[in-house]
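I opened the model today to look up one strand, its partners and a helix that packs against it. These are my entries, in the order in which I looked.

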Amino acid sequence: MTRRRLLFSLLLVAAAGLGTAAAPNRPSAAAPASAPLGRVIPAPASVRPGGDPYTIGDRTRIRVPGDSAEARRIGAYLAGMLRPATGHSLPVTDEDGRDGIVLRLGGPGTKALGAEGYRLSSSGRAVTISAGRTAGLFHGVQTLRQLLPAALEEGTGQPGPWRVAGGTIADSPRYAHRGAMLDVSRHFFTVGQVKRYIDQLAMYKINKLHLHLSDDQGWRIAVASWPRLATYGGSTQVGGGKGGYYTKDDYREIVDYAASRYLTVVPEIDMPGHTNAALASYAELNCNGQAPPLYTGTNVGFSSLCVPKKVTYDFIDDVIREIAALTPGRYLHIGGDEAHSTSHEDYAAFMDKVQPVVAKYGKTVIGWHQLTGARPAKGAVAQYWGYDKTGAAERQQVADAARNGTGLILSPADRAYLDMKYDKDTPLGLNWAGYVGVQRSYDWDPGTYLKGAPGASVLGVEAPMWTETLKTSAHLEYMAFPRLPGIAELGWSPADTHDWPSYRERLAAQGPRWDAMGMEYFRSPEVPWPAR
């Protein structure tokens with residue numbers, strides 16, 4: 001097999017050299033074959049290969065007919081992606097036509113594709129991406145990106161050819177919530193680092209960025225009415241580093257950038273536990289009126305807001321009001337996990353008071369699944385992070401809440417937690433939920449995962465990235481890739497496309513793309529990566 005791959009690679013190199021004189025948009029018979037139409041992640045709902053491929057050439061235009069400024073912005077985004085490597089000018093025009101790359105908003109059959117679906121048709125004359133809404137156009141562009149050679153990501157002139165296989169993809173997501181959580185509290189990540197992660201998430205049609213903005217080790221968002229939360233509570237991190245926080249303008253920049261990639265930011269302020277940074281910042285939030293020292297360790301469960309005090313709810317009202325005003329998305333996450341220092345009675349009373357505050361400011365509550373042990377508000381969402389060792393009673397509690405109308409986001413720790421070690425030799429991450437290899441993170445079905453929970457209660461999936469041991473973008477990439485694309489596929493693709501043997505081949509094809517992007521991913525032995 002290795003010799004066959006090597007021979008095939010040599011043939012491709014030779015063919016590429018022979019194909020450079022081909023006329024624009026007319027492929028040479030000697031040029032290398034285009035990637036198979038279905039070799040993308042997430043797996044499309046429907047793939048019908050056939051017909052001539054389309055080749056991007058020096059006469060290619062990006063056509064965005066109609067009067068949608070947002071569609072034209074996506075056209076400009078696509079042009080910016082293609083120009084550096086292809087060397088072609090790729091003008092973006094609103095003139096309609098049957099040639100080039102066409103981004104068409106609306107038209108026959110697009111309504112059935114839903115809010116995020118798209119149709120991609122490729123022939124010798126054109127590649128057309130059609131969608132009912134601009135989110136679908138953007139997701140279709142990400143599919144087109146994966147159908148082009150990985151050298152596209154190099155950012156400098158490459159030889160090509162830039163060919164898209166012929167045929168049609170019709171695609172729309174299985175779940176509306178396809179998220180990734182980034183913990184910026186244990187270690188702080190700058191606006192630029194968050195943007196880099198957003199770009200990586202967008203490639204795989206992730207549409208929610210859950211930012212864990214507060215914890216024992218750091219408070220990361222400015223709150224005008226309680227300024228010491230950020231300036232003092234955000235001044236450190238795990239291990240005693242300098243920490244940091246986002247100004248309101250910083251946060252708006254993240255929100256706007258995520259929106260430009262069709263991700264909605266879900267802010268999380270964890271409570272009543274995981275609150276030492278807040279307690280250290282304001283003594284009055286403590287039952288004894290004494291502020292504890294800042295904390296830079298990694299233990300959990302020792303902190304709690306003072307449930308009986310009125311000032312606690314004044315504080316929460318101010319924080320939720322200010323963050324809700326900055327956040328256009330519908331959700332606000334209130335945490336609620338590992339509140340070991342809060343009695344069950346106090347925990348339930350606390351949640352009874354806090355959930356209406358979220359509703360008062362126009363947001364829908366998300367809480368970690370421990371919220372189901374209290375009284376979830378009507379319309380509340382529980383994020384399940386249990387794993388194989390989670391007790392049956394706790395699982396049943398979540399399933400019962402789901403049957404009573406609580407929506408579920410599934411993030412099982414031994415499947416979806418990206419900070420779990422791959423194996424015993426992984427230099428980063430933790431292993432309290434076990435080792436989570438690439439196949440294990442992929443091989444489960446969200447629709448049937450939690451016994452007793454109605455399939456209709458599952459809103460989607462989310463891949464959390466906790467950062468006790470992670471400090472840099474390279475660390476995030478190493479732990480997220482190659483597992484994150486699998487979680488993205490579970491959220492997007494139909495259940496009947498789920499197949500590990502074929503997925504691992506499609507995943508292997510992503511390796512050269514990540515190499516070209518300079519990503520520091522883990523070359524798992526479970527995946528047949530191409531030789532570098």
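The entries below concern a predicted model.

Entry on burial of the strand. I began with β10, which spans residues 177-183, and I noted that seven of its seven residues are buried. I then asked how the residues divide between the faces of β10, and found His 177, Gly 179, Met 181 and Asp 183 on one side, with Arg 178, Ala 180 and Leu 182 on the other. Side chains in a regular strand alternate between the two faces of the sheet. Here both faces of β10 are covered.

Entry on pairing. Which strands pair with β10? I found that β19, residues 458-465, runs parallel to β10 and is joined to it by six bridges, while β11, residues 208-212, also pairs with β10 in the parallel sense, over five bridges. I followed Gly 179 to both neighbours: it stands opposite Glu 462 in β19, and its bridge partner in β11 is Lys 208.

Entry on the connection. I traced the chain from β10 through helix α4, residues 191-202, to β11, and recorded a right-handed β-α-β unit.

Entry on the packed helix. I turned next to α13, residues 473-480, a mostly covered helix in which six of the eight residues are buried. I listed the buried ones as Ser 473, Leu 476, Glu 477, Tyr 478, Met 479 and Ala 480. What do these buried residues pack against? I found β10, α4, β19 and α14, the last of these spanning 484-492.

Conventions. Residues numbered from 1 in each chain as written. Predicted model: local features only at pLDDT ≥ 70, side-chain atom pairs only at ≥ 80, totals over all residues. Heavy atoms only, no water. Buried < 20%, exposed > 50% of the residue type's maximum accessible area, 1.4 Å probe, protein only. Helix = DSSP H or I, 4+ residues; strand = E, 2+ residues; numbered from the N terminus. Pairing = 2+ DSSP bridges. Right-handed = clockwise from strand over helix to strand, strands pointing away. Contact = heavy atoms within 4.5 Å.
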